[in-house]
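Please work through the exercises below with the sequence and the structure at hand, trying each task before reading its solution.

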Amino acid sequence: MKSFDRRTLLKASAAASVGSIFGIPWEVAAQAAKGGTLVIGTTQKPRHLNSAVQSGIATMMPAAQLFASPLRMDAKWSPQPYLAEKFELSSDNRSVRLILRQGAVFHDGKPVTAEDVKFSIETIRDHHPFRTMYGPVNAVTIDNDRTAVIRLSEPHPALLLAMSTSLTPIIPKHIFGDGTDPKVHPRNSNPVGSGPFKLVEFKPGEHIIMERFDRFFQKDAPRLDRVIVREYKDPASLLLAFERGEVDIQAQIGDPRDLERAKKVPGAQMVTGAGPAIGPLIWLAFNTKNPKLADKRVRQAISYSLDRKLILGQLLGGLHKPATGPIASGSPFYSAEVEKYNYNLTKAAKLLDDAGFKPGTNGTRMTLDVDAIPSTAEQKTMQEYIKPALAKVGIEVKVRVSPDFPTWARRVSGGQFEMTIDSVWNWGDPVIGVHRTWLSSNIRPGVIWSNTQGYSNPKVDQLLTDAGKEMNTAKRKALYKEAQKIIVDDCPVAFLYENINTEGFRSTVVQPPKGIWGLIDGLTDMGARKG
Amino acid sequence: MSSLLITLLRRLLLAFGLVLAVLAVNFTLIHAAPGDPALVIAGEMGGADEAAMAAIRKNYGLDKPLPEQFITYLGRSLRGDLGTSYTYNRPVSSLILDRLGPTILLVLTALIGAICLGTLMGVLASRRPDSLFSGVVTVFSLVGYAMPVFWTGILLVILFGKVWPIMPIAGMRDVRLMGAGAWVNAMDVLHHLVLPAVTLGLIYLAQYSRLARASMLEVLGSDYIRTARAKGLADGTITFKHALRNAMMPLVTIAGLQFGNLISGAVLVETVFSWPGLGTLALDAILGRDYPSLLGVLTFSAILVIVANLLTDLSYRWIDPRLRTR
């Protein structure tokens, strides 16, 4: 830690003066001067650090520090220049011109050029699990060293958000363009980027140490000398580490009891609803091809039988909020004008009667299995709740436990399930993380997190396809509004809750990130409190 | 050629055959388990379509018939290439080498501590078998042996993590101290080592103290010890110079046999304390269907156990000169 000498005092005073002019509390400005190390604790385990070919918070969090993307999204979901100092959408919405900043370099000193942008976007289009992000990209052409033009087969309103930090890292062609399959490239664990931090050490299962990149293209950024991501085996260990000050930031506090303990840490700040663009939704999915669940009245009946107030209040400790449809509430395209399936056992029973599932002599109408992703405590709780909940309407539920993720994934992706708790994330624009669940063209046996419910509604297909190409935001909202209404009415899943992400920051952290991506954004403005 | 060298060569040849057999059995058993590693990789990537799944299978050789996969794996292993981890996308050999040191450090610290302290406790207890101290050692050995390793670990985590937070309870070092100098880092590692080593060693400390006490009591009743006492030798000399050396043989045997148990105990302890060793790598590999990593860890563990038993056999010769002529 730097000593508080005269030079530092003068710098701090200058920062405080500037800060007070722009409305930043003076103590924040002074204390957020450059320097310091912050440790982020997580239970997520990254396979590697190249988010061009890998999704998931585990990889995206460190990757957002190592790589820069063309754009960044501000807190109002508007794209802002980042690695690209300028971006221009053509009048026909079929191309986007990106002009890179002058002097932007990779961590190895080589310049970031339009060739790297072209290479990166093509790599993401061809190898990233979210194929829809750059699906309409026909080609990326180069005007000059600093100008790349993305050419589209059709208007693609999701494109600008897709070019934000979590989703489009610009990777160096001179390293990754050697012909090796990028998904297994050896440099994925030791990458070079142009982000605010460069990699010092990555020990899988232990930590990722990143230090400030002094030639970062943004002046006076990043503030920190070092960011360290430290991995813990379980939430209990991580919480203890947060309480003891071994980590400054606890990413993803998911348990209400953990949150209560974290709040008691002196000076700690909890950011609830962090990273709204991630949009994790948890639902009870139905195999609509199963004869017992093919009739939507049965599915609706099950949804009416679930007491969401009890689930959210008692079972989840009030930590999350109700999910009402396929788009998370933080999204600009969310619509609340859908059937809420408020708890109503009488209605549920009538629907089942109308669907031909009357109670037998023992009161049972049918038997259904329910699965869940193993090793997720919340999902196990849901499974256990569903059994007595559906018993009230005469549905006997058998809780089926998969020994591990591959077994669960095989069952669900292979249609060998009846009901399952599942967690699917929006990832910002509906084109990226929402369409994949509801489009009938995405019914792909053997592929997890596709349309594993086997849901098919031509009207929904049309609405989503049109919304995926509609550049006018108001019209797009209207299309998604109608699609949400139909999907919720068809009830291929019973929406349960939105996982509201809470991040904990100790008093050592100044200016925690509050953008739409939360911690999976470049931490250029976050600082460490001195003293 | 000396008899020792011939014995050593024969044992090494047998050991090599044993490792190959272990490899073949492990490969077969692991691949016979239900579950598709390609699905795990796809799940961790965030999903994949058919083309991506096909690419995953091709990249990791999962599209080939099992016998062909085994032959390829065997050939590579003999050249030191243990394949690429599905989970971490890096060579398994480098993952193992990264984690071997922490596991060896943990296991040897626990073992040496347990042997030395357990032997000392057993020896002291044997000198006055009806004393309070001897009774305490007996009770301790019963209780200590009965306590599951992971339960002891969790208790220590609660005690030193929450109630009396004077010890680190996770990891092998404080990442903030990296670059602070070799001495600072060494002390930091030692600080982190205390709780996991105590947890792992406690069960063996209980065993060795009881075994040492029993073994010493038997030896102290021998004729030559009675002769030594009659000659007027000091009690300490009798105990530590004459009796202990003869009493050590069973301890050495047990130490060698239990090395395998120590490795499996290390899996649990490493998990509780997030110690970055082979144990956590094995657990992650099991849960993630990371076949190459799991095979690599199992093969390495087999080699470690074989080496430990070999060293045990060699140590007999050092302890008992009568065995040197055999």
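**Exercise 1: two helices of chain B**

Helices α11(B) and α12(B) are roughly perpendicular to each other; in this predicted model, work out how that description follows and which residues meet.

Solution. Begin with the geometry: α11 of chain B covers residues 259–273 and α12 of chain B covers residues 278–287, and the two pack at an angle of about 90 degrees with their axes 7 Å apart. Angles of 65 to 115 degrees count as roughly perpendicular, and therefore this pair is given that name. Next, look at the contact itself, where Ala266(B), Val267(B), Glu270(B) and Thr271(B) of α11(B) meet Gly279(B), Thr280(B), Ala282(B) and Leu283(B) of α12(B). Sorted by class, this contact has four nonpolar, three polar and one charged residues.

**Exercise 2: where the chains touch**

Find how many residues of chain A and of chain B are in contact, and which element of chain A gives the most.

Solution. The count is 40 residues of chain A in contact with 41 residues of chain B. On the chain A side, β1, β9, β10, α7 and α13 each supply at least two residues, and α13(A) gives the most, with five. By class, that side of chain A has 16 nonpolar, 12 polar and 12 charged residues.

**Exercise 3: the largest nonpolar core**

Identify the residues with the most contacts inside the largest nonpolar core, and then follow one of them outward.

Solution. The core has 230 residues, and those with the most contacts inside it are Trp283(A), Ala494(A) and Leu496(A). Its largest share, 15 residues, comes from α8 of chain B, residues 182–220. Taking Ala494(A), and leaving aside neighbours within four places in sequence, its contacts include Trp283(A), Ile302(A) and Tyr341(A).

How values were computed. Residues are numbered from 1 along each chain as its sequence is written. Chains are lettered from A and ligands numbered from 1 in the order in which they are written. This is a predicted model: local features need pLDDT of at least 70, side-chain atom pairs count only at pLDDT 80 or more; totals for chains, interfaces and linings use all residues. Axes are lines fitted to C-alpha atoms, for helices over the stretch in contact, and angles run from 0 to 180 degrees between N-to-C directions. Helices (H or I, at least four residues) and strands (E, at least two) are DSSP runs, numbered from the N terminus. Angles under 35 degrees count as roughly parallel, over 145 as roughly antiparallel, 65 to 115 as roughly perpendicular and the rest as oblique. Two residues are in contact if their C-beta atoms, placed from the backbone, lie within 7 Å. Ala, Val, Leu, Ile, Met, Phe, Trp, Tyr, Cys and Pro count as nonpolar, Asp, Glu, Lys and Arg as charged, and the others, Gly among them, as polar. A nonpolar core is a set of buried Ala, Val, Leu, Ile, Met, Phe, Trp, Tyr and Cys residues joined through C-beta atoms within 7 Å. A residue is buried if 20 or more other C-beta atoms lie within 10 Å of its own, exposed if 12 or fewer, and partly exposed in between; C-beta atoms are placed from the backbone.
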